[in-house]
Structures are given as C-alpha cells and as structure tokens.
Amino acid sequence: EKCQQWVHALKLFREVADSRVDRNTTTYNAAISACEKGQQWVEALQLFREMADLRVERNTITYSAAVSACEKGMQWVQALQLFSEMADC
C-alpha cells in the first residue's frame, strides 16, 4: 500500500491544478518526491520538465528528488544530466 501512495499524491497534485490554485515549487517538490518514493522516475522527470515549461522555480530539493528518482530507476545518464544542469544554474 505504501508504494502506491505516489498515485494518491499525484491525483491530489492534479486536483490542485484543476481547482486553479497555483502550483509552486513546494507542491512540485512534494509531487516529485512522491514519484521518487514510488519509483516512478518517468513521471518525476515529466513534473521536473513541466516546472521549466511553466517557469516554476526549481531548487536544490527539486533537483535532489529528481536525481533520486532517476537513481531508483537506474537511469544514471539522466541523473548525471540533472547534475550537470544543476551546476549550470
């Protein structure tokens, strides 16, 4: 059951968007972290990229959660790209 909590977290995250409440760095970080814990690296990276598209600030917590999601998904190239991107910021 615990490994499925990411599904509920993303559902709540999407409901916030549907209610026209602004999603911010904190809400995105929580959603990315939930994906990381649920080993959903693809969804985590989609949220990470969505932040850039919507011009939502990404911080150290954002990058850390995204890198951790990639690590759990054994996506080492993606993780290294995120590290490189973070260094460029």
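The following exercises, with worked solutions, concern helices, salt bridges and buried residues in a predicted model.

**Exercise 1.** Determine how the buried residues of helix H3 are arranged around its axis.

*Solution.* Step 1: Helix H3 comprises residues 41–53, 13 residues in total. From the first C-alpha to the last it reaches 18 Å, close to the 18 Å expected at 1.5 Å a residue.
Step 2: The buried residues in H3 are Ala44, Leu45, Leu47, Phe48 and Met51. They cover an arc of only 160° around the axis and therefore lie on the same side of H3.
Step 3: The general geometry is relevant here. An α-helix has 3.6 residues a turn, so residues three or four places apart point the same way.
Step 4: After H3 comes Arg55, which has a positive phi, near 60°.

**Exercise 2.** Describe the surroundings of Thr62 and state whether Thr62 is buried or exposed.

*Solution.* Step 1: Thr62 belongs to helix H4, which spans residues 60–72.
Step 2: Its relative accessible area is 0%; because buried means under 20%, Thr62 is buried.
Step 3: Leaving aside neighbours within four places in sequence, Thr62 contacts Thr25, Asn29, Ile32, Phe48 and Met51. Of these partners, Phe48 and Met51 are among the buried residues in H3.
Step 4: A polar contact of 2.4 Å joins the side chain of Thr62 to the side chain of Asn29.

**Exercise 3.** Identify which parts of the chain are tied together by the salt bridge between Lys72 and Glu36.

*Solution.* Step 1: The closest N and O atoms of Lys72 and Glu36 are 2.4 Å apart.
Step 2: Lys72 is in helix H4 and Glu36 in helix H2 (residues 25–37), so the pair ties together parts 36 residues apart in sequence.
Step 3: Lys72 is partly exposed at 37% relative accessible area, whereas Glu36 is buried at 9%.
Step 4: Glu36 and Lys72 also belong, with Lys37, to a network of salt bridges.

**Exercise 4.** Establish which salt bridges Glu85 forms with Arg49 and Arg58, and where these residues lie.

*Solution.* Step 1: The structure holds 5 salt bridges.
Step 2: Glu85 forms a salt bridge with Arg49, with the closest N and O atoms 3.1 Å apart. This pair links distant parts of the chain, since Glu85 is in helix H5 (residues 76–88) and Arg49 in helix H3, 36 residues apart.
Step 3: Glu85 also forms a salt bridge with Arg58, at a closest N and O separation of 3.0 Å. Arg58 lies in the loop between H3 and H4, so this pair ties together parts that are 27 residues apart in sequence.
Step 4: Partly exposed residues here include Glu85 at 22%, Arg49 at 33% and Arg58 at 23%.

Terms used: Residues are numbered from 1 along each chain as its sequence is written. This is a predicted model: local features need pLDDT of at least 70, side-chain atom pairs count only at pLDDT 80 or more; totals for chains, interfaces and linings use all residues. Side-chain values use heavy atoms; hydrogens and water are left out. Helices (H or I, at least four residues) and strands (E, at least two) are DSSP runs, numbered from the N terminus. Buried means under 20% relative accessible area, exposed over 50%, partly exposed in between (1.4 Å probe, protein chains only). A polar contact is a pair of N or O atoms within 3.5 Å; within protein, one must be able to donate a hydrogen and the other to accept it, and residues adjacent in sequence count only if both atoms are side-chain atoms. Contact means heavy atoms within 4.5 Å. The expected span of a helix is 1.5 Å times one less than its number of residues. The arc is that of the directions from the helix axis to the C-beta atoms. A salt bridge is a side-chain nitrogen of Lys or Arg within 4 Å of a carboxyl oxygen of Asp or Glu.
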